[in-house]
Amino acid sequence: GDQFTTDENTLDALRRAQTEGGIDGVEFDVHLTADSMLVIRHDNKISKGLTCQGSNFADIRAYTLPFGNQIPTLQEWLDQAKQTPDIVMLLELKSHPAEKMPYLISRCLEEIRSRDMLDQMYMLSFESEVLDEVLRQEPGMKVVLNSSSLHGSMLPEDVKAHGFTAVSYNVSVILNHPDWIRQFREYGIETYLWMVNDVYLRDLAEDLGFSWITTDFAQNLKYGN
């Protein structure tokens, strides 16, 4: 069934993705803690009074997730990810106050460069300004513009003008503009469709010509199911 059996954004989840087979890439989310550590978690909020961006690392590390995992650091995540260089890593830079973003980006790039992992990595953001800053600091970095809103979705020609590698558009966005997919392809821009958690959307993504799908349930969507 569609039940999670581990905590997302943890080393356990990453190891499972690495060993299950048939997975091309893993997306994860990075926050900067109050004492400037880099931690991996989808939501900023952890529990009452505890947040990724507002709390110190020691307090975050002491917290146990529902399936018994701890919140990992970026360093731990990259060390584990490096063991399977053929599985792409998609690092989402979570929203922070604007003045902190250049520092967050430089710290992430530092960890990636020090492990010689630039080829394995993409960086994602919902904010085009953030991706512009990534490319300013690392011109060759592969970057993905996320969008969940039709109003916040950049036109294919604008994505090309910014030099972004790919877009990851929500189902509701792209169904209003299926013509964009062909334009992106003509520009050499990769397309991700999210979130695809059923076979119907998987098949739709293939019919429309998406490069990739983003899913929580890769095993359920394997071809032949």
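Does S36 count as buried, partly exposed or exposed, and at what relative accessibility? S36 counts as partly exposed, because its relative accessibility is 29%, between the 20% and 50% cut-offs. The views below show this and other spots in a predicted model.

**View 1. Two non-glycine residues with positive phi, S36 and D116.**
S36 sits in the loop that links β1 and β2, and its phi is positive, at about 65 degrees, although it is not a glycine. D116 is another non-glycine with a positive phi, here about 55 degrees. Look for D116 in the loop between α4 and β6. With a relative accessibility of 69%, D116 counts as exposed.

**View 2. The eight-stranded open sheet and its edges.**
Reading across the sheet, the strand order is β2-β1-β5-β6-β7-β8-β9-β10, and the pairing is mixed. The edges belong to β2 (38-40) and β10 (212-213); each has a single partner strand, so one side of each is left without a neighbour in the sheet. Further in, β8 (residues 166-170) and β9 (residues 190-194) run parallel and are joined by five bridges. To find your bearings there, pick out N170, which stands opposite W194 of β9.

**View 3. Strand β6, covered on both faces.**
In a regular strand the side chains point alternately to one face of the sheet and the other. For β6, M121, M123 and S125 are on one side, with Y122 and L124 on the other, and all of them are buried. That makes five buried residues out of five in this strand. β6 pairs with β5 in the parallel sense, over four bridges, and E92 can be found opposite L124 of β6. Helix α4 lies across β1, β2, β5 and β6 (121-125), and runs at about 160 degrees to β5.

**View 4. Helices α1 and α3 side by side.**
The two axes come within 10 Å and cross at roughly 15 degrees. That angle is under 35 degrees, so α1 and α3 count as roughly parallel to each other. Their crossing is right-handed. From α1, the contact uses L11, L14, R15 and Q18, and from α3 it uses E76, W77, Q80 and A81. On α1 (residues 11-20), the buried set is L11, D12, L14, A17 and Q18, and these pack against β1 (25-32), α3 (74-81) and β5. Just past the end of α1 comes G21, with a positive phi of about 85 degrees.

**View 5. Helix α3, largely enclosed.**
How many of the eight residues of α3 are buried? Six are, so the helix is largely enclosed by the rest of the structure. The buried ones are L74, Q75, W77, L78, Q80 and A81. Their cover includes α1, β1, β2, β5, α4 and β6.

**View 6. K94, a lysine with a buried setting.**
K94 belongs to the loop between β5 (88-93) and α4 (101-114). Its relative accessible area is 13%, under the 20% cut-off, so K94 counts as buried. A polar atom of the K94 side chain lies 3.1 Å from the backbone oxygen of H42. Leaving aside neighbours within four places in sequence, K94 is in contact with D29, V30, H31, R41, H42, M101 and L104.

**View 7. L50 and its surroundings in space.**
L50 is part of strand β4 (residues 50-51) and counts as buried at 11% relative accessibility. Not counting residues up to four places away in sequence, L50 touches N44, K45, S55, D59, I60 and Y63. Of these, I60 is worth a distance check: L50 and I60 are 10 residues apart in sequence and 7.2 Å apart in space, C-alpha to C-alpha.

**View 8. E138, a buried loop residue.**
Find E138 in the loop between α5 (128-137) and β7 (142-147). E138 counts as buried, because its relative accessibility of 16% falls under the 20% cut-off. Outside its neighbours within four places in sequence, E138 is in contact with L109, R113 and L118.

**View 9. The cis peptide bond between W194 and M195.**
The bond from W194 to M195 is cis, with omega near -10 degrees. M195 is in the loop that runs between β9 and α9 (199-208).

Key:
Residues are numbered from 1 along each chain as its sequence is written. This is a predicted model: local features need pLDDT of at least 70, side-chain atom pairs count only at pLDDT 80 or more; totals for chains, interfaces and linings use all residues. Side-chain values use heavy atoms; hydrogens and water are left out. Helices (H or I, at least four residues) and strands (E, at least two) are DSSP runs, numbered from the N terminus. Buried means under 20% relative accessible area, exposed over 50%, partly exposed in between (1.4 Å probe, protein chains only). A polar contact is a pair of N or O atoms within 3.5 Å; within protein, one must be able to donate a hydrogen and the other to accept it, and residues adjacent in sequence count only if both atoms are side-chain atoms. Contact means heavy atoms within 4.5 Å. Two strands pair if DSSP finds at least two bridges between them. Axes are lines fitted to C-alpha atoms, for helices over the stretch in contact, and angles run from 0 to 180 degrees between N-to-C directions. Angles under 35 degrees count as roughly parallel, over 145 as roughly antiparallel, 65 to 115 as roughly perpendicular and the rest as oblique. A crossing is left-handed if the near helix is turned anticlockwise from the far one by less than a right angle, and right-handed if clockwise.
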